[in-house]
Amino acid sequence: MTKQLLSSLILLLTFFFSTLVTGQSIIINEIMAQNQDTIFDSDFHQSGDWIELYNAGLTNQSLSGYFLTDDPDNLQKWAVGNSDIAANSFKLFWADGFDKTLNDKHTNFKLSASGEWIALVDPHGAIVDSIGFKNQFEDVSYGREQDHLFNVGYLTQPTPNGANIGRVLRTGEQNMAPSIEPASGSYSASVSVAPENAENGAIIRYTLDGSQPSVASPILSPSLMLSETTVFRARSFSETMLPSETITRTFVIGAASDLPIA
């Protein structure tokens, strides 16, 4: 038996023993430290860092007396508040430093995109779950593979307030961002948009509504004709690497504009 398998088995047995004895079934399921377009916080009108908890048990659990922390020397850094998390359900907290100014769901710390450690602490001061993570990327989350709670890594399709999708990736290697032609600008007629590169067999997906491209977005192949003003966004995807950074082009079609167009 390998050390990794033995470690996973010990963690699994510890989790289920804790669940049986104490009723504790809450885990840190998913986090995001570079949220740009994945989910919007209507309280403070921004896209902040977030932490998602999951109740893997069969009964509702109270979060009263629990803490979230990113400091091993201060396990009671932020009190979660008097709320419940239903069985087989999720609860999202904004790690934005605002200290639960609204709705008791804003922590007093932020997540570091360069990597750190976070923990969930019970009312007795015991760490019931923790995740250490490395360098994080824009709109890529980090968490547990569904049905494999101790397989932790990057998740290419973030799912705040929902079950994690797909397998996790261990390394932080990203696809190269696609090179898209033509450039943003004002055009008198229709524009044919096409990629100049798709490295390592990556697939380029796009959106036309300003949203972040995901694995469910249409594939750009081989080109796309645009006949009206559009915000075009594209991103490269593959099975073995993280999604690339997103490329944005704005095409003003059939209307003159003296303003700079990014």
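Two strands are taken to pair if DSSP finds at least two bridges between them, and strands (E, at least two residues) and helices (H or I, at least four residues) are DSSP runs numbered from the N terminus. In β9, under this scheme, G132 is the bridge partner of W117. The structure is a predicted model, in which local features need pLDDT of at least 70 and side-chain atom pairs count only at pLDDT 80 or more, whereas totals for chains, interfaces and linings use all residues. Residues are numbered from 1 along each chain as its sequence is written, and side-chain values use heavy atoms, with hydrogens and water left out.

The chain contains one helix and 18 strands. Of its 262 residues, 40% are buried, where buried denotes under 20% relative accessible area, exposed over 50%, and partly exposed the range in between (1.4 Å probe, protein chains only). The chain exposes about 13,100 Å², of which carbon and sulfur atoms supply 52%; accessible areas come from the Shrake-Rupley method with a 1.4 Å probe, and for residues only the protein chains shown count as cover. Among contacts (heavy atoms within 4.5 Å) with a separation of 6 or more, 56% are accounted for by residues 24 or more positions apart.

Four strands form an open sheet in the order β5-β4-β8-β9, with antiparallel pairing. The edges are occupied by β5 (78-79) and β9 (127-133), each of which has a single partner strand, so that one side of each is left without a neighbour in the sheet. Within this sheet, β8 (residues 116-121) and β9 are joined in the antiparallel sense over six bridges.

Strand β10 (residues 141-145) runs antiparallel to β11, to which five bridges join it, with R144 standing opposite V152 in β11. The two strands, β10 and β11, form a hairpin with two residues between them, and D147 in the turn has a positive phi of about 70 degrees. β10 also pairs with β1 in the antiparallel sense, over two bridges, and here E30 stands opposite G143 in β10. Five of the five residues of β10 are buried.

E30 is also among the residues touched by T159, together with E52, N164 and I165, when residues up to four places away in sequence are not counted. T159 lies in the loop between β11 (148-155) and β12 (180-181) and is buried, with a relative accessible area of 10%.

The largest nonpolar core, defined as a set of buried Ala, Val, Leu, Ile, Met, Phe, Trp, Tyr and Cys residues joined through side-chain atoms within 4.5 Å, has 27 residues, of which I51, L53, L68 and L111 touch the most other members. The elements giving two or more residues to this core are β1 (26-32), β2 (50-55), β8, β9 and β11, and its largest share, three residues, comes from β1. A second, separate core of 13 residues includes L220, L224, A234 and I247. For L53, the residues touched, not counting those up to four places away in sequence, include I26, I28, L63, L68, I85, F90, F93 and L120, as well as N29, S89 and K91.
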